[in-house]
Amino acid sequence: MRGIVFIYMGTAKYLKNIGTLVQETRQARGLTQAELATALGTSQSAINRIEKGGQNISLEMIARIGEVLSSEIVRLNESGKNNFVINGGRPLTGEIEVKTSKNAAVGLLCAALLNKGKTTLRRVARIEEVNRIIEVLESIGVKCRWLSNNDLEIIPPKTLKLDKMDIEAAKKTRTVIMFLGPLMHQYSHFSLPFAGGCSLGTRTVEPHMTGLAPFGLHVVATSDRYLATTASKKIEKSIFLAERGDTVTENVIMAAALYDGEVTIRNASPNYMVQDVCFFLQKLGVKIEGIGTTVLKIHGVKSINKTIEYYPSEDPIEAMSFVAAGVVTNSEITVKRVPIEFMEWEMATLEGMGLEYTMTDEYPARNGQTRLVDITLKKSTLTAPKDKIHALPFPGINMDNLPFLGLCATVAKGRTLIHDWSYENRAIYFTELSKLNASIEMVDPHRVYITGPTRWKAADITAPAALRPSVVILLAMIAAPGKSVLRDVYSINRGYEDIANRLNSLGADIETTWA
């Protein structure tokens, strides 16, 4: 873009949000204000003003900062962006089936690197996040082939070409950090680019390093990548995870899978994607005790070379988004193949707010492990809960489902406090709903009050660079009478397959355009 185009965000808080993102990313890269200023050809005082939100900043400068920090600070709707045009205010009806889990798929793609034989993952969601990981895998020599019914065949080479990794694809996903566990027993040294993904504030990779260190992994962070070296070590005691993170747990589990001995992991995440990785590894011959609990005992093997197939479980976050679609439009719809074990607290919360629904008996998922139900929503009048709504580790409300419960709160009579403690910046995205006439009061970066019921109005909004908040806006637009436009929906395509057509099958009117 030529010339200087200044961003006037309407209020100082948005400039401050950009400044906070710049500061957090700079600190994560280990740069001082002076070093960033030198790289940009500006003064330290200018960087200080930007980070404090005290200076208007050009699109050109934002782009240059992003290049230096190897991080996308703000995304613009340039030529070729995918947009949704929504004619809202229509009731939904019918039934919709939940697809397999995004987070399970990306974990399983990483876990497939443990197997020297052929892995076939069945009914994989064809989403952008999966596409990026496939691009990375293919760039290092892994053969990936789509079969019918969204089945994905994965065959690794004898030796991975790690120096040929597609850096641009790797930087668009945070999943690449989960290559550490599978690779550390197979290669004495390798490098990975900094992780990308959603813009939700600083999410440190230090817990990954701490959890993998007992196996002999040592990682040095440079300006744009992680340099990993390994030295075989005997595990002397249980590995305690200081952070009960999903990807951290998966990384350590995958490292333990190729450790010739027994490893006990404490404070492990028992979440759905972790369980999928464990079930997959069991089929590869790895013995795992305690699946679904916070203590895992893993008996690893020296090497794995098997031809196997595995069905990922259904996605509880997608299931919750469809439930929210029905709630926000006050529609009677049926959501099929809901992994209820990972939705029980969410449904109990909505029931306490007045949601009426029926549920079938449980039946097994195709992986033979996950419990599924079909949920039929009834037209209901919701009331704000007496207590705040906040996420908790499994079996509590999933942190990725919290934004959808916030959306449900917009149609509930009264004032609801949403506490999004797990991310520095995600609660800020609730304020985007005010453009659609929702009453949103931001208390601090983690807490918002939502007052309902909302009388929705159409709006034109650029989707945030974060998956779940973008879907929340899309669902609100479906409820809002009139024509709304949601621009640059790549963040939605990262995690949802064919979302517009699937919602249209329920009666929504969403047109996909390119501009």
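Start at Gly41, the residue that follows helix H2. Its phi is positive, near 70°. Keep in mind throughout that you are looking at a predicted model.

**Stop 1: helices H2 and H3**

Step back from Gly41 and select helix H2, residues 33–40. Add helix H3, residues 44–51. Two packed helices are described by the angle between their axes and the distance between the axes. Here the axes come within 8 Å. They cross at roughly 110°. An angle of 65 to 115 degrees counts as roughly perpendicular, and H2 and H3 are therefore roughly perpendicular to each other.

Now show the side chains where the two helices touch. On H2, pick Gln33, Ala34, Leu36, Ala37 and Leu40. On H3, pick Gln44, Ile47, Asn48 and Glu51. Sorted by class, this contact has five nonpolar residues, three polar ones and one charged one.

Stay on H2 a little longer. Which of its residues are buried? Select Gln33, Leu36, Ala37 and Leu40: these four are buried in H2. They cover an arc of only 100° around the axis, so they sit on the same side of H2. Then turn the helix over. On the other side of H2 you meet Thr38 and Ala39, which are exposed.

**Stop 2: a four-stranded sheet**

Next, select strands S22, S23, S1 and S24. They form an open sheet, in the order S22-S23-S1-S24. The pairing in this sheet is mixed. Find its edges: strand S22 (460–462) and strand S24 (510–514). Each edge strand pairs on one side only. Look along the sheet for its twist. Neighbouring strands are turned by 20° against each other on average, direction ignored.

Zoom in on strand S1, residues 82–88. Strand S23, residues 482–487, pairs with S1 in the antiparallel sense. Five bridges link S1 and S23. To see one partnership, select Val85 and its bridge partner in S23, Val485.

Now look at the pairing of S1 with S24. These two strands also run antiparallel, joined by five bridges. Select Asn83, and opposite this residue you find Thr513 in S24.

How many of the seven residues of S1 are buried? Six are, so S1 is largely enclosed by the rest of the structure.

**Stop 3: strand S14 and its partners**

Move on to strand S14, residues 332–339. Six of its eight residues are buried, so S14 too is largely enclosed by the rest of the structure.

Add strand S2, residues 93–97. S2 and S14 pair in the parallel sense, over five bridges. Label Gly94 and look across: Gly94 stands opposite Ile333 in S14.

Then add strand S17, residues 371–377. S14 and S17 run antiparallel, and four bridges join them. Label Val335, which stands opposite Ile375 in S17.

**Stop 4: two cis peptide bonds**

Leave the strands and turn to two loops. Select Phe394 and Pro395. The peptide bond between them is cis, with omega near 15°. Pro395 lies in the loop between strand S18 (389–390) and helix H14 (402–409).

Then select Gly452 and Pro453. Their peptide bond is cis as well, with omega near 0°. Pro453 lies in the loop between strand S21 (447–452) and S22. You have already visited S22, as an edge strand of the open sheet.

**Stop 5: two residues with positive phi**

The tour began with a glycine whose phi is positive. Now look for positive phi in residues other than glycine.

Select Arg123. Its phi is near 55°, a positive value. Arg123 is in the loop between strand S3 (119–121) and helix H6 (128–139). With a relative accessible area of 36%, Arg123 is partly exposed.

Finish with Asp488. This residue is not a glycine either, and its phi is positive, about 55°. Asp488 is in the loop between S23 and helix H16 (490–493). Is Asp488 buried or exposed? Its relative accessibility is 2%. Buried means under 20%, so Asp488 counts as buried.

Notes: Residues are numbered from 1 along each chain as its sequence is written. This is a predicted model: local features need pLDDT of at least 70, side-chain atom pairs count only at pLDDT 80 or more; totals for chains, interfaces and linings use all residues. Side-chain values use heavy atoms; hydrogens and water are left out. Buried means under 20% relative accessible area, exposed over 50%, partly exposed in between (1.4 Å probe, protein chains only). Two strands pair if DSSP finds at least two bridges between them. Axes are lines fitted to C-alpha atoms, for helices over the stretch in contact, and angles run from 0 to 180 degrees between N-to-C directions. Angles under 35 degrees count as roughly parallel, over 145 as roughly antiparallel, 65 to 115 as roughly perpendicular and the rest as oblique. Contact means heavy atoms within 4.5 Å. Ala, Val, Leu, Ile, Met, Phe, Trp, Tyr, Cys and Pro count as nonpolar, Asp, Glu, Lys and Arg as charged, and the others, Gly among them, as polar. The arc is that of the directions from the helix axis to the C-beta atoms.
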